[in-house]
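I set out to record what I looked up in this structure, entry by entry. My topics were strand pairing, one loop residue and the contact between the chains.

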Amino acid sequence: MLKYTEDHEWLRSDGDEVTVGITKHASEQLGDVVFIELPEEGREVEAGEEIVVIESVKAASDITAPVAGVITAVNADLADAPATVNEDPMGTWFFRIKPTDASAVEGFMDEAAYQALIG
Amino acid sequence: MAETRRTGLNDLHRELGARMVPFAGWDMPVQFPMGVMAEHLHTRQKAGLFDVGHMGQVLIHPQDGDIASAALALETVIAADVASLPEGRQRYGLFTNDEGGILDDLMFANRGDHFLLVVNAACVDQDIAILQGVAGVTVTPVTDRGLLALQGPQAAEVLARIIPEAADMRFMDSLTLDWQGHALWFSRSGYTGEDGYEISVPGAQVEAFARALLDHPEVAPIGLGARDSLRLEAGMPLYGHDMDAGVTPGAAGLGWAVSKARRTGGAREGGFPGAGVILTELAQGAASMRRGLRPEGRAPLREGVVIFPDAAGGDPIGTVSSGGFGPSVGGPIAMARIPAEIPEGATVHAELRGKRVPATVVALPFITPSYKR
């Protein structure tokens, strides 16, 4: 089951890893994505740390680490095809993270709570 | 803070699904459902309709009835050749200050017995105050008309279907034409690098006229987001970013706007604010100028990014004044004020998130304009 952050990321738990992308709402707010810079695999990150740079035709923004942990994989295809994020945001992952605290993901919003947040 | 103002197309924008943002005190569409990238490419391939009703339109009438005296009066505040502009033609000019900085840029048109000025929304109050200080002219802000821009290779073809005479206009012509009994003020110009028109329409008719254009399948509504990427590719400066009160015409790369007649040795040399500074700089060549940059890779260089000569160390040589992604160029593009002596084709380095990205200095514009000369 997907969880959602207030920063409009979706989180999908796969075993002891969490896969992270951005929601359709976030991709619509960003507009056409033209550049994505991903973190290095193996990097240890803090919760809330800005680890992805995402730029649309309009502006630059960041994606933060939803939880503390280690980056285990990144979607390197995005560097050459950033528009994928607009075409299929819910099917486009940015990175996988192994949380320091395995239960850290449980506190995030479910689908209904997220839908209520974005109205 | 004054209330946000709405153009005569506000309801239409909302009906068309625009995302509205505050801009220079106005509630304006930044993009439509098509999105900035597609809106940009549509304008370059077909025709885009822009609401530029936030911009200031001002009429300048000579108090003695002689347009030539109004032209000379305007030359006391505008660093351009106004006096030689024939009836039915438009020119680009700059309001300057005593230090030689740029207070605003504008278009001015000779409409026979008066001039029509189009100025930036954020500067309109300042500009009107400047104009009201000019002796011998009557200043009339136009508050009851909207302003549209129809831009793109199919703009002329579409417009000719409803107003055939518009097709005969050349680049920078200015003309009043009738539409359903209403006087529309046309200029063949724009801010995209494409052929096209800017059209001043009576407020009561602006929505109907916009709908009449949008009825044609070639025409799509375009927001301020694509307007910015289009003008950036066209190498056109944006006031408040690529130039401001602290930037001279020479440094802004706009020395060409200070026409020969107003330059040292010209027929009406100087006589505008900051002329001493501006003309000396133009004669010697500005030390730093607005130049084009093509960064390596895909990362856009935004306004404020600092430019260095080398890949490491050294002192900054300039700052990006406008930058982003050029949809038609297919990569990031930027404009920065950097030393004029750096040759085209040289590599400079932009500091981005702690790393230096190589960028090639290129000539402006980034695309080849297609004006109807």
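Entry one, strand pairing. In this predicted model, I looked up strand E11 (residues 182–187) of chain B and found that E11 pairs with strand E12 (residues 196–202) of chain B in the antiparallel sense, over three bridges. Within this pair, I noted that B:Trp185 stands opposite B:Ser200 in E12(B).

Entry two, the sheet. I followed the pairing outward and obtained an open sheet of six strands in chain B, in the order E10-E11-E12-E9-E3-E13, with mixed pairing. Strand E10 (174–179) and strand E13 (219–222) of chain B are the edge strands, each pairing on one side only. From one strand to the next, the twist averages 30°. I then recorded that helix H2 (residues 36–45) of chain B packs on the sheet, where it touches strand E3 (47–51), E9 and E13 of chain B. The direction of H2 makes about 135° with that of E13(B).

Entry three, a loop residue. I located B:Asp144 in the loop between strand E8 (137–142) and strand E9 (145–151) of chain B. Is B:Asp144 buried or exposed? I entered it as exposed, because 10 other C-beta atoms lie within 10 Å, and the cut-off for exposed is 12 or fewer. Leaving aside neighbours within four places in sequence, I found B:Asp144 in contact with B:Pro202 and B:Gly203. B:Asp144 and B:Gln57 are 87 residues apart in sequence and 9.8 Å apart in space, C-alpha to C-alpha.

Entry four, the chain contact. I recorded 10 residues of chain A in contact with 14 residues of chain B. On the chain A side, strand E4 (33–37) and strand E6 (50–56) each give two or more residues, and E4(A) gives the most, with three residues. I classed the residues of this side as five nonpolar, one polar and four charged.

Conventions:
Residues are numbered from 1 along each chain as its sequence is written. Chains are lettered from A and ligands numbered from 1 in the order in which they are written. This is a predicted model: local features need pLDDT of at least 70, side-chain atom pairs count only at pLDDT 80 or more; totals for chains, interfaces and linings use all residues. Two residues are in contact if their C-beta atoms, placed from the backbone, lie within 7 Å. Helices (H or I, at least four residues) and strands (E, at least two) are DSSP runs, numbered from the N terminus. Ala, Val, Leu, Ile, Met, Phe, Trp, Tyr, Cys and Pro count as nonpolar, Asp, Glu, Lys and Arg as charged, and the others, Gly among them, as polar. A residue is buried if 20 or more other C-beta atoms lie within 10 Å of its own, exposed if 12 or fewer, and partly exposed in between; C-beta atoms are placed from the backbone. Two strands pair if DSSP finds at least two bridges between them. Axes are lines fitted to C-alpha atoms, for helices over the stretch in contact, and angles run from 0 to 180 degrees between N-to-C directions.
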